Amino acid sequence: MGAALGILFFMVIVTNTFFDKWPDWVRKGLCITRSFPIENCYVGDEVTMTWRIGNKSRLPLTWFRLDTCFSPFIEFENAKSDRKNWVEYRSVHYLPKQSESKYDYNCTFRKRGYYLFKDVDYQFTDYLGFRTHDGRFNDNVAMYVYPNLRSIDALVEKSQQYMGEKEVKRWVVEDPLIHVGSRDYTGAEPMKYIHWNATAQTGKMQVKKFAYTTEVSAMILLNAQTKTHFWQGSEESLLEQMVETVAAYVASFEKSNDQYGFASNCPVHEG
């Protein structure tokens, strides 16, 4: 009788020790990563977020729950919440032993900005379902959402465009003292500019190509202050309109390879 009690007592100690140590073993084998296939998108775009959940332990997790939250300007597949300030997402999974599961979710961004998907809380039970354990994954993933690009004519009347109509898309004045290469002869260049060495090498008439001393450029200044005083707050609709206008000009300059500069008094956290 005493031997049976001793064996039973020993089994209770071993079992209790096992269930105390088991969560630590499981946590060491758990991992989660979230990723996007792109680094940025535009307002209204649908982007797939991929979740990878790994269980490297030798025991399966029959009940594994994930909890996280998002900005209300993100439409996340299967995410629902009654709260106004954020959207809650919760999912329950079964994780086989020494395996990795992949899940794809569609996200739609309804407003421009910088979106940071922060840590993910998790909860799981032991193998027999007796105890519940909590933890947190320090996994962050971000997405830059740009304003939708519109044509300049759709935003600003021609009479209000910068410096009138832009007619020139190249440097204005060549510097004959700075030789930077050669190009094909068109017939309009003076004979003194013919590059005889390049002509002999290519077998085609070449003329000297010079650097330029003046350029057609623009400087974009964004005044993000929509109220007279900063403590009055900001008029969001007006700010978004200005941002869309700036984006349209920047896109136009990039497309035509024009030189431009940009400066703004918008704080980083609002930009």
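1. A definition to begin with: two strands count as paired if DSSP finds at least two bridges between them. Please keep in mind that this is a predicted model.

2. With that in hand, have a look at strand 9 (residues 120-125) and strand 10, which pair in the antiparallel sense over six bridges. For one residue-level example, Val 120 has Phe 137 in strand 10 as its bridge partner.

3. Strands 9 and 10 belong to an open sheet of four strands, ordered 6-4-9-10 with antiparallel pairing. Strand 6 (87-95) and strand 10 (132-137) each have a single partner strand and stand at the edges, so one side of each is left without a neighbour in the sheet. From one strand to the next, the twist in this sheet averages 20 degrees.

4. Now to another open sheet, again of four strands: here the order is 1-3-7-5, and the pairing is antiparallel. Its edges are taken by strand 1 (30-35) and strand 5 (74-76); each has a single partner strand, so one side of each is left without a neighbour in the sheet. The average twist here is 25 degrees from one strand to the next.

5. Which strand pairs with strand 5, and over how many bridges? The partner is strand 7 (residues 99-109), and the two run in the antiparallel sense with three bridges between them. If you would like a residue pair to display, try Glu 75, whose bridge partner in strand 7 is Thr 108.

Methods. Residues numbered from 1 in each chain as written. Predicted model: local features only at pLDDT ≥ 70, side-chain atom pairs only at ≥ 80, totals over all residues. Heavy atoms only, no water. Axes fitted to C-alpha atoms, helices over the stretch in contact; angles between N-to-C directions.
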